[in-house]
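Please open the structure in your viewer and keep the sequence panel beside it. The tour below proposes one selection after another and says what is to be found at each stop.

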Amino acid sequence: MKKLLILFCVLSSYVFAQCPAGQKQVVVTIVPDNYPAEITWNLKDNAGVILASGTSVGASVCVDSTTCLTFSIFDSFGDGICCNYGTGSYTVTYGGTTVATGGQYTTSQITSFNCPPGSNCNQSIAIDTGNYVAPMHNYWYTFQPDVNGMYEITT
């Protein structure tokens, strides 16, 4: 019983660690299917730097609260981690709020979060005709013309 209590205290401090001011905690929880060796994942910032990664075990990391993040989970066999060979799943929380969850995918599933509009494809900025200057590299826009015709788009 004493060993169990110590283990619980260690795990609790790992999962619920306090982050310094200006940072938020990202917690990755993985419930593997029957083939945990097929699972890998990573958490990257907007520059592509890997902040955390793992296999069938999750992790917790403190990140700058202004950083755009991308969580990617992979299955090397291509059948995801839910339903065909066990009921696996994953959950990602950011500052205590769930930002990604799932398990039914093929080879990968990718989710971006805490990103300003235009900084990734999932949150592009809608524009209409006119001139626009991107405020930073890798800025994304969508354009839906009102009428059929020819349009000139330069970058």
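## The whole chain

Among contacts in the chain between residues at least 6 apart in sequence, 53% join residues at least 24 apart. The model is a predicted one, and colouring the chain by pLDDT is a useful start: the mean is 83, and 80% of the residues reach 70 or more. Over residues 1-15, however, the pLDDT is below 50, and beyond near neighbours in sequence this stretch has 7 contacts in the model.

Switch next to a cartoon view, in which the chain shows 1 helix and 10 strands, with the helix coming ahead of the strands when the elements are followed from the N terminus. With a surface displayed, the chain exposes about 10300 Å², of which carbon and sulfur atoms supply 57%, while buried residues make up 31% of the 155 residues.

## The sheet β4-β1-β6-β7

Select strands β4, β1, β6 and β7, which in that order form an open sheet with antiparallel pairing. The edge strands are β4 and β7 (residues 97-102), each of which pairs on one side only, and the twist averages 20° from one strand to the next.

Begin with β1 (residues 23-31) and β4 (residues 59-64), which run antiparallel and are joined by 6 bridges; a place to centre the view is Q23, which stands opposite D64 in β4. Moving to the other pairing of β1, you find β6 (residues 89-94), again in the antiparallel sense and over 6 bridges, with I30 standing opposite Y90 in β6. From β6, go on to β7, with which β6 pairs in the antiparallel sense over 5 bridges; here Y94 stands opposite T97 in β7.

Before leaving this sheet, select T93, whose place is in strand β6. Is T93 buried or exposed? Its relative accessible area is 17%, below the 20% cut-off, so T93 counts as buried. Leaving aside residues up to four places away in sequence, T93 touches Q25, V26, V27, T98 and V99.

## The sheet β3-β2-β5-β8

Now hide that selection and bring up β3, β2, β5 and β8, a set of 4 strands that form an open sheet in this order, with antiparallel pairing. At the edges stand β3 (residues 50-54) and β8 (residues 108-113), each with a single partner strand, so one side of each is left without a neighbour in the sheet. Neighbouring strands of this sheet are turned by 10° against each other on average, when direction is ignored.

Within this sheet, zoom in on β5 and β8, which run antiparallel and are joined by 6 bridges; the residue to pick is F74, whose bridge partner in β8 is S108.

## Aromatic side chains

Show the side chains of the aromatic residues, among which the structure holds 4 aromatic pairs. One of the pairs to select is Y35 with Y85: the ring centres are 5.7 Å apart and the planes stand at 85°, so the pair is edge-to-face. Because Y35 lies in the loop between β1 and β2 (residues 39-45), and Y85 in the loop between β5 (residues 69-75) and β6, the pair ties together parts that are 50 residues apart in sequence. Y35 is partly exposed, with a relative accessible area of 43%, and Y85 is likewise partly exposed, at 41%.

Which residues form one aromatic cluster together with W41? Adding F71 and Y90 to the selection completes that cluster, and Y90 will be familiar from the earlier stop, as the residue of β6 that I30 stands opposite.

## Two loop residues with positive phi

The last stops concern the backbone. Select C83, in the loop between β5 and β6, which has a positive phi of about 95° although it is not a glycine; with a relative accessible area of 43%, C83 is partly exposed. Then move to N114, in the loop between β8 and β9 (residues 125-127), where phi is near 60°, again a positive value in a residue other than glycine. At 29% relative accessibility, N114 counts as partly exposed.

How values were computed:
Residues numbered from 1 in each chain as written. Heavy atoms only, no water. pLDDT = per-residue confidence, 0-100. Contact = heavy atoms within 4.5 Å. Pairing = 2+ DSSP bridges. Phe/Tyr/Trp six-rings, centres within 6.5 Å; stacked < 30°, edge-to-face > 60°. Buried < 20%, exposed > 50% of the residue type's maximum accessible area, 1.4 Å probe, protein only. Areas by Shrake-Rupley, 256 points an atom, 1.4 Å probe, with all protein chains shown as cover. Axes fitted to C-alpha atoms, helices over the stretch in contact; angles between N-to-C directions.
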